[in-house]
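Thanks for coming. I have one structure today, and I will go through it region by region. Please have a look before I start.

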Amino acid sequence: MSTPADPPAADPAADPLERERAHLAQSRTALRAMRADVEALDISDVTANWVNAEVLQSQIDDRIKALADLSDTPLFFGRLDYLHAVGADQAEGAEGESPADGVGYQTLHIGRRHVHDADGDPMVIDWRAPVSQPFYRASKTDPLDVALRRRFGYDRGEITAYEDEHLSDPAEAAKSSKLLQQEIEKPRVGPMRDIVATIQPEQDEIVRQDIGGTICVQGAPGTGKTAVGLHRVAYLLYAHRDRLARTGTLVIGPNDSFLRYIEQVLPALGELEVRQSTVGGLVEKAAGVELRGTDSATTAALKGDARMAEVLRRAVRSGVTMPAEPVVVVRGSRRWRIPAYELEELVRELLARDIRYGAARDALPQRIAHAVLVRMEQAGEAPDDRVQDAVARNAAVKAAVKACWPAVDPAKLVLRLLSDADFLAEQAAGVLTPEEQKLLLWEKPPRSVKSAKWSAADAVLIDEATDLVQRTPSLGHVVLDEAQDLSPMQYRAVGRRCTTGSATVLGDIAQGTTPWATASWNEALTHLGKPDSQVEELTQGFRVPRQVIAYASRLLPAIAPGLTEATSIRESEGDLTIERVAPGDLDDALALACLTALEKEGSIGLIAADARLPLIAKALAAAGLPHLTPGEETTADSRLTLVPASLAKGLEYDYVVLDDPSAIVDGEPDERTGLRRLYVCLTRAVSGLAVIHAAALPEQLAAA
Ligand SMILES: Nc1ncnc2c1ncn2[C@@H]1O[C@H](COP(=O)(O)OP(=O)(O)OP(=O)(O)O)[C@@H](O)[C@H]1O
């Protein structure tokens with residue numbers, strides 16, 4: 001690695017570091033000019049009305065925001081010198097650069113966004129452009145026409161170092177990157193950061209997968225699943241901007257504190273338009289009900305069972321009856337009669353077709369009107385489309401449709417299903433056992449949709465019923481993180497939001513902590529409606545140090561036999577201490593461990609069983625240690641977060657102090673779920689883990 005401490009070059013213009021700094025300064029100037037150009041746009045001549053003007057202005061404002069030069073974010077982090085000129089189709093404006101000081105024919109600087117000079121020539125190439133890809137993928141064994149790959153070291157937006165790999169030079173041995181290692185080892189404070197400068201080849205393959213297919217990633221803790229999912233959205237928005245601007249993208253995470261932890265990654269990559277939500281948030285909004293109820297684990301598991309989809313399908317259609325009376329349409333002096341048996345044929349035909357209940361209901365009046373028109377024509381009349389529409393709106397036709405194909409209100413339907421034992425028995429016959437049906441029924445049926453205490457699982461049922469009535473609009477791409485915790489019915493809810501789009505499904509079977517957690521990805525993908533999707537595995541761990549992951553992996557045989565243990569690419573072994581104290585000393589020992597951790601740089605997470613939190617909060621206060629709650633941003637002054645075990649998933653802290661593992665296990669309804677929760681908690685640490693316990697450790701952990 002070269003640093004400013006290297007002997008000064010005789011000619012400053014020949015010093016590579018100086019030249020790179022000059023390129024950075026010029027790129028910054030160019031970016032400012034690009035921004036000034038957009039700011040100076042006068043749209044008064046091109047917008048005919050204020051709506052257009054508003055839309056255009058908001059697009060311009062977004063572009064201005066996207067072009068902001070963040071002073072502490074490097075404008076470029078890498079450089080490629082190609083051996084040959086890059087094809088014009090490979091990147092916007094990437095052709096035609098002459099070599100600056102490199103060894104190759106063409107020099108490209110790779111950064112977060114495209115920057116060009118006043119002539120339109122590129123100064124920085126977007127990391128997502130095809131021509132940037134070799135920065136992530138090229139190797140000594142497969143140099144991809146790259147002569148030189150250069151990585152830059154930065155300190156607050158200024159270049160401080162660079163590191164070269166001459167990939168096509170047989171004399172140079174392959175080496176690991178110090179800058180990459182430094183980036184990985186950096187202490188963590190604040191929200192999640194982007195990883196554009198250091199995406200690894202196996203991650204890049206997932207990031208750049210074609211938008212057409214759904215991909216599922218099984219990955220041990222800290223292998224970068226979340227990071228990969230977020231960068232994949234940014235990549236897809238670059239590669240398919242127009243299409244996704246129309247259809248939309250969505251990132252789904254497990255809870256709000258997790259969403260707050262990741263919310264700044266996409267904006268830092270210039271993407272401001274991506275929605276983020278939990279599954280609960282999505283369906284609650286769509287179902288239009290307030291969630292005030294909870295289910296027992298068994299009931300929630302049953303409500304999340306895929307068999308509920310069949311029960312709902314039957315329930316939605318249960319009101320359809322065969323017409324017993326003919327329809328008689330009076331027009332002028334004539335009466336047209338469609339006999340009941342013909343109406344029945346129309347109804348049966350619609351029932352047999354694979355269309356939504358509501359669409360069929362809309363189609364039925366037109367079908368009846370068509371039958372009337374046929375009769376009119378047979379009688380020598382020449383009715384046109386307007387007549388057909390008028391007949392479809394005729395009161396007799398409307399009444400017949402209402403009688404045989406009644407409107408369905410999804411929330412009311414689910415309310416009936418959960419309160420009316422006979423109705424449920426009819427719809428669930430042969431699908432759910434009588435015992436299961438009993439589990440579903442409310443003890444005290446609510447009087448209305450408004451007064452019902454809906455649970456999260458109920459909202460998913462309403463969402464399913466809504467979709468049976470009216471197709472849910474599909475987004476262009478959905479990233480589903482921590483997917484292993486979803487029930488089959490929740491997978492269906494996510495799946496219908498990307499029926500015509502694709503999905504990136506990220507998860508770890510070993511971290512599944514719901515009673516209905518995913519047992520196999522193939523099954524989950526089937527519920528999602530994407531049964532033939534590719535499943536990839538990530539095993540290279542970026543977060544958890546070697547000793548710590550090895551310790552946590554003792555649990556794997558009990559919680560997910562067959563899964564590959566993660567490796568750690570962190571250099572440090574990590575601090576791992578396990579301390580047993582007398583029960584009366586536990587709180588003091590925790591406070592002391594936090595104080596010790598606070599002496600070091602970075603964030604500290606004190607993780608404990610949910611039930612222990614109030615006591616621990618008191619103990620911390622008594623020790624004069626203020627703390628944050630998960631999702632609150634850690635800052636240099638405020639670095640200790642008290643984390644309930646139930647919210648630890650997806651988060652990370654430099655140092656983790658873990659309170660009594662057995663209390664975490666006991667906090668869950670069964671041992672396997674408890675051990676999985678413990679596995680999640682043990683794998684949050686970036687630099688060190690201190691386990692403090694008074695009760696005996698779970699035997700799976702104690703065993704060496
Ligand atoms: N290529 C990379 N370069 C640098 N850091 C990385 C890289 N990939 C991942 N990381 C870092 O490793 C940490 C773990 O990543 P992430 O949270 O995405 O993992 P995960 O697989 O989702 O973990 P979990 O299963 O625990 O939720 C993050 O701090 C992330 O920034």
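One cut-off before anything else: a residue counts as buried if 20 or more other C-beta atoms lie within 10 Å of its own. Bear in mind that this is a predicted model.

I will start with the glycines. G222 lies in the loop between strand 7, residues 215–219, and helix 6, residues 225–239. Is G222 buried or exposed? It has 27 other C-beta atoms within 10 Å, so G222 is buried. Setting aside neighbours within four places in sequence, the contacts of G222 are G541, F542, R543, V544, A566 and T683.

G224 is placed in the loop between strand 7 and helix 6 as well. G224 counts as buried because it has 25 C-beta neighbours inside 10 Å. With neighbours within four places in sequence left out, G224 touches Q203, L538 and F542. F542 therefore appears in the contact list of G222 and in that of G224, by the C-beta criterion of within 7 Å.

Now the annotation. An unreviewed UniProt entry carries a "binding site" annotation over G219, A220, P221, G222, T223, G224, K225 and T226. As for the ligand in the model, 22 residues surround it, and T198, G224, K225, T226 and F542 come nearest. Which helix gives the most to that shell? Helix 6 does, with three residues. Helix 4, residues 178–185, and helix 6 each supply at least two residues of the shell.

Next, the chain as a whole. The protein chain has 29 helices and 21 strands. Its C-alpha trace spans about 105 × 75 × 45 Å along the principal axes. Of the 704 residues, 42% are buried. Taking contacts between residues at least 6 apart in sequence, 75% join residues at least 24 apart.

On to the cores. In soluble globular proteins, nonpolar side chains tend to be buried together. Here the largest nonpolar core has 156 residues, and L590, L606 and V657 have the most contacts inside it. A second core, separate from that one, has 17 residues, including V327, W336, V347 and V397. What is V657 in contact with, leaving aside its neighbours within four places in sequence? The partners are L590, A593, C594, A597, I604, L606, A690 and I692.

L606 falls within strand 18, residues 604–608, which runs parallel to strand 19 and is joined to it by five bridges. One of the bridge pairs is I607 with V643 of strand 19. Strand 18, helix 26, residues 613–622, and strand 19 together make a right-handed β-α-β unit. Strand 19 covers residues 640–644, and five of its five residues are buried. L640, L642 and P644 point one way from the strand, while T641 and V643 point the other way.

Last, a sheet elsewhere in the chain. Six strands form an open sheet with mixed pairing, in the order 3-4-2-1-5-6. At its edges are strand 3, residues 115–116, and strand 6, residues 158–165, each pairing on one side only. Strand 5, residues 146–155, pairs with strand 6 in the antiparallel sense over seven bridges. Within that pairing, Y154 has I159 of strand 6 as its bridge partner.

That is where I will stop.

Terms used
Residues numbered from 1 in each chain as written. Predicted model: local features only at pLDDT ≥ 70, side-chain atom pairs only at ≥ 80, totals over all residues. Core = buried A, V, L, I, M, F, W, Y, C linked by C-beta atoms within 7 Å. Buried ≥ 20, exposed ≤ 12 C-beta atoms within 10 Å, placed from the backbone. Contact = placed C-beta atoms within 7 Å. UniProt positions renumbered as here; feature names shortened; annotations may be inferred. Helix = DSSP H or I, 4+ residues; strand = E, 2+ residues; numbered from the N terminus. Pairing = 2+ DSSP bridges. Right-handed = clockwise from strand over helix to strand, strands pointing away. Near = placed C-beta within 6 Å.
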